[in-house]
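Hi everyone, thanks for coming. I'd like to walk you through one structure today, starting with a couple of single residues and then stepping back to the domains. Please have the viewer open so you can follow along.

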Amino acid sequence: MDSKLQRRLRLIQAHLTPDTVDFSSQLAANHTAAEFSYDQTYSVVLPEKLQTGKWNVYRSAHSPLKLVTRFSDHPDIATLHDNFVHAVNDFRDYKYLGTRVRIDGTVGEYKWMTYGEISSARTAIGSGLYQMGIKPGACIGIYFINRPEWMVVDHACAAYSLISVPLYDTLGPDAGKFILNHAGIQALFCVPSTLNTLLTFLSEIPSVRIIVVVGAIDEHLPSLPSTSGVTILSYSRLLNQGSKNIVPFYAPKPEDVATICYTSGTTGTPKGVVLTHGNLITSVAGMSRKFAFNSTDLYISYLPLAHIYERSYQIMAIYRGAAVGFYQGDNMKLMDDLATLRPTIFASVPRLYNRIYDGIMSAVRNSGTLKERLFNVAYSSKRQAVMTGRKSSALWDGLVFNKIKDKLGGRVKYLTSGASPLSPEVMEFLMVCFGCQVIEGYGMTETSCVITSIDSGDYLTGHVGSPNPACEVKLVDVPEMNYTSEDQPYPRGEICARGPTVFQGYYKDEIQTREVIDEEGWLHTGDIGLWLPGGRLRIIDRKKNIFKLAQGEYIAPEKIENVYAKCKFVAQCFIYGDSLNSCLVAIVCVDQDALREWAASQGIEGKDLEEVCRDPRTRAAVLADMDGVGKEAQLRGFEFAKAVTLVLEPFSVENDLLTPTFKIKRPQAKACFAEAISRMYAELS
């Protein structure tokens, strides 16, 4: 085997390109924007006020003079209902929603329902709700994970002018109870496991009149006394009842509320983001100018449908008549679902992409010297081709990369990333290994998803692209953090967005709405960005969650945590500091495989991992690795953690340390690790 690999290495030398790539030929003087810019311009800069304003508002080069509000080839589509009707008319017999999970709970091959079949189910569910007294304008709760019935209920809401209120399936009873009461949910769709929890506080959610249980049999459902005022029935029964007495659609208008999305909230109670049909159609219409599905595409749905990121991709898939296959409901089995479904488009988050990267690199390191060398040679050559927009040699795919591509099914043409920053190293790795475009986006629920995204054909890493053609973006000075729009060589400041994608406000909360939307309609995101040449945005800091150390230095912990996430020992990291102390400390959930490997190399044997975590030698090694990564990322001296505590249990939704979108709940983390934090500061002093 070794000699065979050596022969291959000798034969492929002719395919190698020079080790260095000269990007200077792609640069040109552009003194109106910055000292240099790439020939390609992704944004256009306009004055904020026509006569007196400075030139600081950026719009997409795809539509600089007018913000996009509708799909260019179907301007008649103004609501989610219009969008689905269009899809049913044009793609009626195309497969639409697929699942591997059978009625008995076992898993097999994907079974599909067409657009026409889902249309019939949508009409039946909407009719059934109407017959039970649920009228236009009512709020409908959807409280279960991704599966075809989720989309059927959402389509029914759109067709009958109902307001969908998605709830993360991982919400605890307190948060779930708050949302149900705050939104005034009248009908709630859930699964049997959730029903058991709901019944424990049913008397505390008086607005709920109907509970529809998906995947249940009526004979097995509990019966409630008539005095409760609540009817419990199965999804199949509601579907059957509605199909026998069809009610005409109550089509919504663009300005009608389509959904109230409750942000998971790292602090305090969840906030209800009110989005209209016009908001959602506008956002996806803008996104489609840069990147679009087509009717032959296959998309895998595993990100929570309660999150705006996944909802937006569903809207785009419908518009183009694409097929959507659902994962089986277990993230640990997602790779098996990918291999079976073989999607062409995969939307995910950095957490998973980092895991894929770590897994592949670990396999390469353990494959033997010659195989590792072959991978490195192939990677270097293909990287140079990819980063300069050239076609790489097919030899590398045959020898190395096709096996890696098969991990995602072998057909992916777009990988997309959102929700948190994707490191340039991992993004570049994905482009090279999977041979496809990687599109990173930046946005929030309050902007109906995308604020900026990378344009198709842009292979530069380390940024989140140019504005969605449906909104405009500017940076506002943050003097207390020394960020200004006059900074050289790149303007810096708080990212603000404006346009028809911006939400209507927080439900029943005018005070917090006014805190984020100013008098001129600009939504203040709390994120700090800078403009790169060509009009691409880079996220560099966070205005919210900042705190001061004893010497007055401002700390943005999320930025530091993202840096330390690159350490080989770090699976998750929580950075803590306060105004009573002059330095930072860290709680690190360790990567257990990396820790075992290190312990073995140091001769630390016969101890369980908890003992290894407590060993001073281990803490010193982890802190040294963190220091090295921090120096490489050019953290400032006061941004380095001076002490570390190592833990094995991951931060999770279940232990209340993460939100459903995997953001650290800082107050809860502070309380959970209070003893360890006090101990570290005592040792440092």
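Let's start with Ala-599, which sits in helix α17, the stretch covering residues 592–601. Before going on, please keep in mind that this is a predicted model. Is Ala-599 buried or exposed? Its relative accessible area is 4%, and buried means under 20%, so Ala-599 counts as buried. As for what surrounds it, if we skip residues up to four places away in sequence, Ala-599 touches Ile-604 and Val-612. You can also click on Arg-617: it is 18 residues from Ala-599 along the chain, and the two C-alpha atoms are 9.7 Å apart.

Now please move to His-463. This one is in a loop, the one running between β19 (449–453) and β20 (466–467). Loop or not, His-463 is buried, with a relative accessible area of 3%.

What does the side chain of His-463 reach? One partner is the backbone oxygen of Leu-460, at 2.9 Å. Another is the backbone nitrogen of Gly-465, also at 2.9 Å. So within this loop, you can draw both of those distances in your viewer and see them for yourselves. If we set aside neighbours within four places in sequence, His-463 is in contact with Glu-440, Ile-454 and Asp-458, and also with Leu-532, Arg-536, Leu-537 and Arg-538.

Let's zoom out to the domains. The chain is divided into domain 1, made of 36–66 plus 468–542, then domain 2, which is 80–326, and domain 3, which is 547–684. I'll stay with the first two for the rest of the talk.

The centres of domain 1 and domain 2, taken over C-alpha atoms, are 33 Å apart. Their contact takes 16 residues from domain 1 and 18 residues from domain 2. Between them they bury about 1,400 Å², and carbon and sulfur atoms give 60% of that area. Which residues of domain 1 lose the most area to domain 2? They are Gln-504, Tyr-506 and Tyr-507, and together they make up 37% of what that side buries.

And the polar side of the story? There are eight residue pairs in polar contact between domain 1 and domain 2, while the count of salt bridges is zero. By class, the side of domain 1 that touches domain 2 has seven nonpolar, eight polar and one charged residues.

That's my tour, and I'm happy to take questions.

Methods. Residues numbered from 1 in each chain as written. Predicted model: local features only at pLDDT ≥ 70, side-chain atom pairs only at ≥ 80, totals over all residues. Heavy atoms only, no water. Domains from an automatic or database assignment. Contact = heavy atoms within 4.5 Å. Buried area = accessible area lost by both parts, 1.4 Å probe. Salt bridge = Lys/Arg side-chain N within 4 Å of Asp/Glu carboxyl O. Polar contact = N/O pair within 3.5 Å; in protein donor to acceptor, adjacent residues only side chain to side chain. Nonpolar A, V, L, I, M, F, W, Y, C, P; charged D, E, K, R; others polar. Helix = DSSP H or I, 4+ residues; strand = E, 2+ residues; numbered from the N terminus. Buried < 20%, exposed > 50% of the residue type's maximum accessible area, 1.4 Å probe, protein only.
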